[in-house]
Every structure is written in C-alpha cells, then in structure tokens.
Amino acid sequence: MQKARVVADREFIIGALDRRVFGAFVEHLGRCVYGGIYEPDHPTADAQGFRGDVLALTRELGVSIVRYPGGNFVSGYDWRDGVGPKEDRPVRLDLAWFSTETNQFGTNEFVDWCRKADVEPMFAVNLGTAGPDEARNFVEYCNHPGGTFHSDLRRSHGYEQPHDIRFWCLGNEMDGPWQIGAKTAREYGRIAQEAAKVMRWTSEDLTLAACGSSKREMETYGAWEYEVLDTCFEEVDFISLHQYFENGEDDVGYFMTSVDKLDSFITEVVSIADAVAAKRRSPKRIMLSLDEWNVWYKARTPDDLAKPGWPQAPKLLEEIYNFEDALVVGGALITLMNHADRVKAACMAQLVNVIGPIMTQTGGPAWRQTIFHPFAQAANLARGNVLRTVVDAGTYSAGKYDAAPLLLCSAVHDPDSGAVTVFALNRHASEEMALEVDLRSFGGLTLKDASVLHHADLKATNTADRPDEVSPVSHPACRLDGTLAATLPPLSWNVFTLEPRGS
Ligand code: AHR
C-alpha cells in the first residue's frame, strides 16, 4: 500500500478561486447547439426550443460561465446572421466544420439560454474574416442601452435591456493554420490590440482575453505568447490557453501525466506574461483563461471532424468518455485549482454532445458522461481559497516523467462557511493509498460527506441504458480526528467535504 501525507493550513493560500474556472463552451458545431441545448421538437423543450433536460443537467453540473459561439466557427461568423426574425436569417456554409448553418439559434437565444441555465455568457468575436469594426458593432448591439443603430437594432429584436456581456475573447486559435483567417503573432497582436481598443471605447468594464497558443505543441508556442502580449499587453486582461488530452498509446500511467503537462503549460505562460510585464517594468499581471480543455482523442477520425454533403448539425466530435478519462479530468481540475492565483477562467470544451460532459439522443434522453462527475463535484464544492498544501507522497515514471507524483490533491477553504473540501487523485495503477491530511489549523471539523469515483474497468462508460455505470459512491474507508484519514483505491478520484463542528 502507498502512503501519502498532506498538510493543509488555513493561513497558506495560493489564491481565491475564481468561479469562472468552472466554465464550459457551446459552439455551433455538430449537435452542440442543434440537438444539444436547442431542439424545439424535443418533449422537454420549452417555448424557446431549449431542451429542459439539458438545462437541468447544466445547472447540476455547476457551470459558471459559457463561451460562445466558437471555436473555429467564430472565425467565419457574422453575428448579424443570428439576430432578428428567424424566418429572415440566412442559411450559410460553415467552413470551419463543413456544415450548413441555419442560424435559427444566435446571440439573443444564447443569452436567454444562459439566464435560464444560471450561467454567465462569454462571447468570442470574429477576428478571422472580420475585424475591429464588426467587434465594436457587436459590443454595441449587446451592451449599449439604446439610441444608436446597433443598440436600437437589439431593441427592435425584442431586447429592450442591454445584455451586459462582460467577458470577451478576441478571436479563436489565431495561430492555427486550420483557422479561417489565421495570422502571424504580429498580425494577430495588432488586430487584437485595435479590436480591444474600440470594444473598450464602446462599452465600459469589459474583460478581454487575447488568444494564446492552440496547444503547447504548436511550433510557435512561447514566441506567440510573447509577441502577442508584447503588442497588446496594455489592452487585454487575459491570455488564453487550449489543451486537449490524449491517450493514443493506451497507457493509463502516461495518460495521467497529461495533467503534469498542463501544469507546465500554465507555469510557462505565466512566466512569459510576466516577462512581457518585466520588460515594461509594469505591475500589471495578465491572467490565464484555459478557455478550451478536455480529453479528446477518440472522436478525431476524419469522419468525426467533417461529413460530406454540407449536413445540418451532423454528429461530430461525439467523444464517448470512459472511467480513465474522468480521472484525467479530475486531475486537470486539481491542477487548475492549484493555479488559482493566475488561472481565473477556464472552459471545459464543450458542454453537450461535442466532446461534452452531457450526451443526448435527438428526440431521446440526456445523460451524464463519466467526466460530468468530477467537474460537477469541483464546481459545486470548491469555494473560497485554494490552500498551498504540502504533499509527501511517492512518485512513478511514465513517458518523459521520471518522478510524477502519485497523489494529486487540492484543498479549498471557504472562509464564509468554514467548510474545507479536499480533492485527491490516486494515480497508482494497482496499489491503494493510505492518505492522511493534517487539518489541525482548522480546529473542530466534522466529515460532512466523502465520495469516491472508481471502476474496475478503465474503459467503462455511461450510456443511455446504463447512465450511472460510472458514478461517485459514498467513500467506504475514511475517518476524521483532527487528521483526515482515508484509503484511496488505485486509480480513483476522491472528494471529502468537512465543515466546522456544530454548523
Ligand atoms: O472544441 C473543438 C475545437 O477545438 C474548437 O472549435 C477549436 O477552437 C479547437 O481546435
């Protein structure tokens, strides 16, 4: 049996956890919008055509903010196509996913959906085929109260009050050759700078994110971040990161180290952003938005990426998640939380059907994929300050990693309620782990809840027929007496919620 000891002290804080790290993503791609959040003929659909079952699962997931409308899609999107009377909206070819876009769902429907789902909308502007002018017109449409062309256009569409959209992404993956209107770092830095300037002049208090690299493996990685930020440092608040995790070798130990790679990615981008600040002797700190992340490697065949004949809402990127994918997602969530000082936004990509924690059948049921569970637990339970834990645990070697820690953990303390939540991932492939978490600085705590996500079959999935095959269960082996002691099964995700005695 492995042993691990953790000390968590209320005084040692990494940072306040920003709720926006529990974001998700809705793109006009495959069945994410059409057949996902919007399906007017579905039995659970409301008067606006929003699927009630998906809305309920989105709320249960605890998502805080949702990025829209893309993704690659946004780089060819004209936002005006998706507003106004539905019968007047043009049908277009979508060159990002080689699909037909009917535009029956657009900006106003998305904002309405967000209000019903109790999430904040995050918009991306098109900096592929469009530029600063379209971006500022879109901001005016969304945020200006009235009395101008675009704000009155919104009002004429039945939205008297501004949408008050605060968080905006300046384009999407502009470093990628697959992107419509891809750019060099210099080209992108300039257009992001000018777009940011006029967007801010149009509406106050915007939070703006510049595009970082599409993944850490991009040839231009590092140089891209530096040059982009060196150009638009003063105008933006965030730099984005995108990362999808893969298990191409079918090696669970190596797959788990995807999370260590994410950890390096975040640390490196923080360093680059701070190097740009240093050059200016600036106290300003650029924050990180991991605005696309997830496991994605199975649904990546050519047939998963595009279907012939320009279909409407085809099945694309419909990754079926298994138990080991849920463990990697849990590890990624721990990594995000442990960078709470600089990662202030993140979006699991995506929300439904397309690499999503929620899966639906058109006309049929909706269910929770395996990855739904660690996300929902973190989003619903992690509140307050992430603590700088001291971890003493064994290591293992896999791929490039000679000494990857066997235990990943994070501890979050809510100063308002006094609650402490501990998330622990045992990455040992075959051995249990005796975990001790020293919580003596907290005084009297009681164990409110403890759960474990474990399955004998790493490839087990949740399906329409067996939607709860992989689900957390009550933890069978844990106790608390100043120290939290638990036995973690090999390859397991564990969550412990503690609250002040007498609360
Ligand atoms: O999330 C799917 C796609 O992955 C997005 O459209 C793009 O930004 C990324 O490459």
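This report walks through some helices, strands and loops of a predicted model.

## Helix H4 and its two sides

Let's start with helix H4, which covers residues 149-156. Three of its residues, His-150, Ser-151 and Arg-154, are buried. They span an arc of only 105° around the axis, so they sit on the same side of H4. A general rule helps here: an α-helix has 3.6 residues a turn, so residues three or four places apart point the same way.

What about the other side of H4? Phe-149 and Ser-156 are found there, and both are exposed. Back on the buried side, the cover over those residues includes helix H3 (132-143). Just past the end of H4 you'll meet Gly-158, with a positive phi of about 100°.

## Two helices side by side

Now look at helix H10 (residues 323-337) and helix H11 (residues 372-381). Their axes are 8 Å apart, and the two helices pack at an angle of about 25°. Angles under 35 degrees count as roughly parallel, and that is why H10 is described as roughly parallel to H11.

Which residues of H10 and H11 meet? From H10 come Ala-326, Val-329, Gly-330, Leu-333 and Met-337, while H11 brings Pro-374, Phe-375 and Ala-378. Sort the residues of this contact by type and you get 7 nonpolar, 1 polar and no charged.

## Strand S11 and its partners

Is strand S11 (residues 287-295) buried or exposed? Here 9 of the 9 residues are buried, so the strand is largely enclosed by the rest of the structure.

S11 pairs with strand S10 (residues 238-245) in the parallel sense, over 7 bridges. If you'd like one pair to find in the model, try His-242, whose bridge partner in S11 is Glu-292. S11 also runs parallel to strand S12 (residues 343-348), and 4 bridges join these two. One pair to look for here is Leu-290 with its bridge partner in S12, Ala-346. In general, strands of a sheet pair through backbone hydrogen bonds, either parallel or antiparallel.

## An antiparallel sheet

For the antiparallel kind, turn to an open sheet of 7 strands, in the order S2-S15-S19-S20-S26-S22-S23. The pairing in this sheet is antiparallel. At its edges stand strand S2 (13-16) and strand S23 (473-474). Each has a single partner strand, so one side of each is left without a neighbour in the sheet.

Within the sheet, strand S20 (residues 420-426) and strand S26 (residues 492-500) pair over 7 bridges, in the antiparallel sense. To see one of their pairs, find Val-420, which has Leu-498 as its bridge partner in S26.

## Arg-67, a buried residue

Arg-67 sits in strand S4 (residues 65-68). Is Arg-67 buried or exposed? Its relative accessibility is 1%, and under 20% means buried, so Arg-67 counts as buried.

What does Arg-67 touch? Leaving out residues up to four places away in sequence, its contacts are Ala-24, Phe-25, Val-26, Met-122, Cys-169, Gly-171, Asn-172, His-242, Asp-291, Glu-292 and Cys-347. You've already met two of these names, because His-242 and Glu-292 are the bridge partners mentioned above. Asp-291 is worth a look too: Arg-67 and Asp-291 are 224 residues apart in sequence, but 7.7 Å apart in space, C-alpha to C-alpha.

## Unusual backbone spots

Most residues other than glycine have a negative phi, and most peptide bonds are trans. Here are some places that go the other way.

Two peptide bonds are cis. The bond from Gly-70 to Gly-71 has omega near 15°, and Gly-71 lies in the loop between S4 and strand S5 (92-94). The bond joining Ala-349 and Gln-350 has omega of about -5°, with Gln-350 in the loop between S12 and strand S13 (358-360).Ile-355 is found in that loop between S12 and S13 as well. The phi of Ile-355 is positive, near 35°, and this residue is buried, with a relative accessible area of 1%. Asp-205 also has a positive phi, near 60°. Asp-205 belongs to the loop between helix H5 (185-202) and strand S9 (207-210), and is exposed at a relative accessible area of 64%.

Notes. Residues numbered from 1 in each chain as written. Predicted model: local features only at pLDDT ≥ 70, side-chain atom pairs only at ≥ 80, totals over all residues. Heavy atoms only, no water. Buried < 20%, exposed > 50% of the residue type's maximum accessible area, 1.4 Å probe, protein only. Arc of directions from axis to C-beta. Contact = heavy atoms within 4.5 Å. Axes fitted to C-alpha atoms, helices over the stretch in contact; angles between N-to-C directions. Parallel < 35°, antiparallel > 145°, perpendicular 65-115°, else oblique. Nonpolar A, V, L, I, M, F, W, Y, C, P; charged D, E, K, R; others polar. Pairing = 2+ DSSP bridges.
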